[in-house]
Amino acid sequence: MANDKTALVISAHSADFVWRAGGAIALHAKLGYEVTVVCLSYGERGESAKLWKSEGMTLDKVKTERRREAENAAKALDVHDIQFFDLGDYPLEIDRDAKYRLVDVIRAVQPRFMLSHSHYDPYNLDHSHTTKIAMECRMIAQAWGHNPGEKVLGAPQLYLFEPHQTEQMGWKPDAFLDITDVWEKKKQAIECMEGQEHLWHFYTNVAENRGNHFRRNSGGQSGGRAAKYAEGFQSVYPRTVDEL
Ligand SMILES: [Zn+2]
């Protein structure tokens, strides 16, 4: 029987899933989830400055390098499947065919939950554009009239992972995930991103701060859990519950 514990990460560029959701990916893999990652682009133009500073660099070489890094990071996080759409970045443009391709992935995976970027990002329109597309493709995947006969998508939550320069993004977490148990895996994945070494310390620091918020929100000094590292998420859709 197919594994019904599945999750889907939609990442604008090939490294975003690592900084922002690496812990969630590794943790759910450990819990038996098959986590699929779709990278819409390699971030070859806008997020590869270090590579572009070396002599004789070309767009193809940057893409190959970024792909290698992302595949290594995915391995470190126990990603089930990573797919590269190679749509280009800065700007990231997604036409109807690319949307349908993403819908095909969503329907094939049938994720229990999805992960993508913040709604708003004035520094990086590729990121907020990706979230809009994730919502649009989730909607199409739910439509009975789209490729009738295929299994229609249910209503997986879409969690927005933490952006860079958090305060500028209007991003407000409503869930903290304790990733202490898998921190070493996330650290290993972060260190696969050789082209963005300047971010390694920054994202360790973010995880520690979110660990503090996990401790505080799980009870603080009156019985909170001693999480050392955490990731924050903002959910888009309401939860349906029988008890609060
Ligand atoms: Zn990015």
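Colleague: Which protein donors does the zinc ion have, and how far from it do they lie?
Modeller: The donors are ND1 of His13, two OD atoms of Asp16, two OE atoms of Glu47 and NE2 of His127, at 2.1 to 2.6 Å from the zinc ion. Donors here are N, O and S atoms within 2.8 Å of the metal (3.2 Å for Na, K and Ca), and sites may look incomplete since water is not among the atoms.

Colleague: Before we go on, what kind of model is this, and which residues count?
Modeller: The model is predicted: local features need pLDDT of at least 70 and side-chain atom pairs count only at pLDDT 80 or more, while totals for chains, interfaces and linings use all residues. Residues are numbered from 1 along each chain as its sequence is written, and side-chain values use heavy atoms, with hydrogens and water left out.

Colleague: Back to the zinc ion, then. How are its donor residues spaced in sequence?
Modeller: The spacing reads H-x2-D-x30-E-x79-H. Glutamate 47 and histidine 127 link distant parts of the chain, being 80 residues apart: the glutamate is in the loop between β2 (34-39) and α2, the histidine in helix α5 (residues 125-141). Helices (H or I, at least four residues) and strands (E, at least two) are DSSP runs numbered from the N terminus.

Colleague: Is glutamate 47 buried or exposed? And histidine 127, buried or exposed?
Modeller: Glutamate 47 counts as buried because its relative accessibility is 12%. Histidine 127 is buried as well, with a relative accessible area of 6%. Buried means under 20% relative accessible area, exposed over 50%, and partly exposed in between (1.4 Å probe, protein chains only).

Colleague: What about the whole chain: how many helices and strands are there?
Modeller: The protein chain has seven helices and seven strands. Read from the N terminus, the order of the elements is β-α-β-α-α-β-α-β-α-β-β-α-α-β. Along the principal axes, the C-alpha atoms fill a box of roughly 60 × 50 × 35 Å. Of the 244 residues, 50% count as buried.

Colleague: Let us turn to pockets. What is the volume of the largest one, and which residues lie nearest its centre?
Modeller: The volume of the largest pocket is about 350 Å³. Gly46, Glu47, Gln196, His198 and Leu199 lie nearest its centre, among 22 lining residues. Glu47 is thus listed both there and among the donors of the zinc ion. On a 1 Å grid over the protein atoms alone, a pocket is an open set of points with protein on both sides within 12 Å along at least five of seven lines, a cavity is a set where a 1.4 Å probe fits but cannot get out, and lining residues have an atom within 4 Å of a point. Grid points are joined across faces, edges and corners, and a volume is the space filled by probe spheres set on the points.

Colleague: Which element gives the most to that lining?
Modeller: α1 does, with three residues. Both α1 (16-30) and α2 (49-52) supply at least two residues each.

Colleague: And the second largest pocket: which residues line it?
Modeller: Its lining is made up of Ala24, His28, Arg112, Phe113, Leu115, Tyr159, Ala175, Phe176, Leu177 and Phe233. The volume of this pocket is about 200 Å³. At least two lining residues come from each of α1, β4 (113-116) and β6 (175-178), and β6 has the largest share, three residues.

Colleague: How many cavities of 30 Å³ or more are there?
Modeller: The count is one cavity, and the largest cavity has a volume of about 80 Å³. Its lining consists of Trp19, Arg20, Glu162, Lys186, Tyr203, Val206, Ala207, Arg210, Ala230, Glu231 and Gly232. The elements giving two or more of these residues are α1, α7 (200-217) and β7 (230-235). α7 gives the most, four residues.

Colleague: Now the backbone. Where is there a cis peptide bond?
Modeller: The cis bond joins tyrosine 90 and proline 91, with omega about 5 degrees. Proline 91 is in the loop between β3 (81-84) and α4 (96-109). Most peptide bonds are trans, and most residues other than glycine have a negative phi.

Colleague: What is phi at aspartate 86, and what is phi at asparagine 147?
Modeller: Aspartate 86 has a positive phi of about 50 degrees although it is not a glycine. Aspartate 86 also lies in the loop between β3 and α4, and at 35% relative accessibility it counts as partly exposed. For asparagine 147, phi is positive too, near 45 degrees. Asparagine 147 sits in the loop between α5 and β5 (157-161) and is partly exposed, at 34% relative accessibility.
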